[in-house]
Amino acid sequence: AIEAIVASMRAHSQVEDVQKMGCWALRNVCFCTDAAGHARSQRAAEAGTVEAIVAAMQAHPQEAGVQEEGCRALGNVCFGSDAAAFARKQRAAVAGAIEAIVAAM
């Protein structure tokens with residue numbers, strides 16, 4: 001499902017609803033409360049979710065729904081304190097997530 005969400009977001013980058021709902025879906029898939037959740041977040045990062053979320057936020061700066069769901073999705077993908085979570089946070093920073101979140105505020 002993760003790869004399909006990212007593919008849909010990439011294929012329909014200018015469709016606000018696809019971006020908002022894609023971020024919403026990724027936020028839910030990457031909700032981490034256990035090892036399985038952290039594994040999903042890692043798989044999601046490897047599938048390019050961070051870059052897809054940042055691209056959605058950059059493409060739709062005036063759409064509050066995309067901005068809100070994008071911020072939430074990034075938070076869930078990057079959640080954790082282990083080495084893998086740190087790598088996801090670094091990946092997000094390189095992808096422009098910090099700037100996207102600041103712009104969303």
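Which helix holds both aspartate 17 and lysine 20, and how many residues apart are they? Both lie in helix H2 (residues 16-29), three residues apart, which is about one turn of the helix. The legends below look at this pair and a few other spots.

This is a predicted model, in which local features need pLDDT of at least 70 and side-chain atom pairs count only at pLDDT 80 or more, while totals for chains, interfaces and linings use all residues. Residues are numbered from 1 along each chain as its sequence is written, and side-chain values use heavy atoms, with hydrogens and water left out.

**Figure 1. The whole protein chain, built from helices.** The protein chain has seven helices and zero strands, and its elements read α-α-α-α-α-α-α from the N terminus on. Helices (H or I, at least four residues) and strands (E, at least two) are DSSP runs, numbered from the N terminus. Along the principal axes, the C-alpha atoms fill a box of roughly 35 × 30 × 20 Å. The radius of gyration is 12 Å, which agrees with the value near 13 Å for a compact globule of 105 residues; it is taken over C-alpha atoms, and the globule rule is 2.2 Å times the number of residues to the power 0.38.

**Figure 2. Inside and outside of the protein chain.** Of the 105 residues, 40% count as buried. Buried means under 20% relative accessible area, exposed over 50%, and partly exposed in between (1.4 Å probe, protein chains only). Contacts, meaning heavy atoms within 4.5 Å, often span the sequence: among those between residues at least 6 apart, 66% join residues at least 24 apart.

**Figure 3. A salt bridge between helices H1 and H3.** Here glutamate 3 forms a salt bridge with arginine 43, and their closest N and O atoms are 2.8 Å apart. The pair links distant parts of the chain, with glutamate 3 in helix H1 (residues 2-11) and arginine 43 in helix H3 (residues 35-46), 40 residues apart. A salt bridge is a side-chain nitrogen of Lys or Arg within 4 Å of a carboxyl oxygen of Asp or Glu. Glutamate 3 counts as partly exposed because its relative accessibility is 40%, and arginine 43 is partly exposed with a relative accessible area of 40%. A search of the whole structure finds five salt bridges.

**Figure 4. The pair in helix H2.** Back to the opening question: the side chains of aspartate 17 and lysine 20 meet in a salt bridge (3.9 Å, N to O). Aspartate 17, at 47% relative accessibility, counts as partly exposed. Lysine 20 is also partly exposed, at 25%.

**Figure 5. A salt bridge in helix H5.** Side chains of opposite charge can pair when their charged atoms come close. In this view, arginine 72 and glutamate 68 meet through their side chains in a salt bridge (3.0 Å, N to O). Both residues sit in helix H5 (residues 64-78), four residues apart, about one turn of the helix. With relative accessible areas of 40% for arginine 72 and 41% for glutamate 68, each is partly exposed.

**Figure 6. Glutamine 62 in a loop.** Is glutamine 62 buried or exposed? Its relative accessible area is 72%, so glutamine 62 is exposed. You will find glutamine 62 in the loop between helix H4 (49-59) and H5. From C-alpha to C-alpha, glutamine 62 and alanine 104 are 8.5 Å apart in space, with their positions 42 residues apart in sequence.
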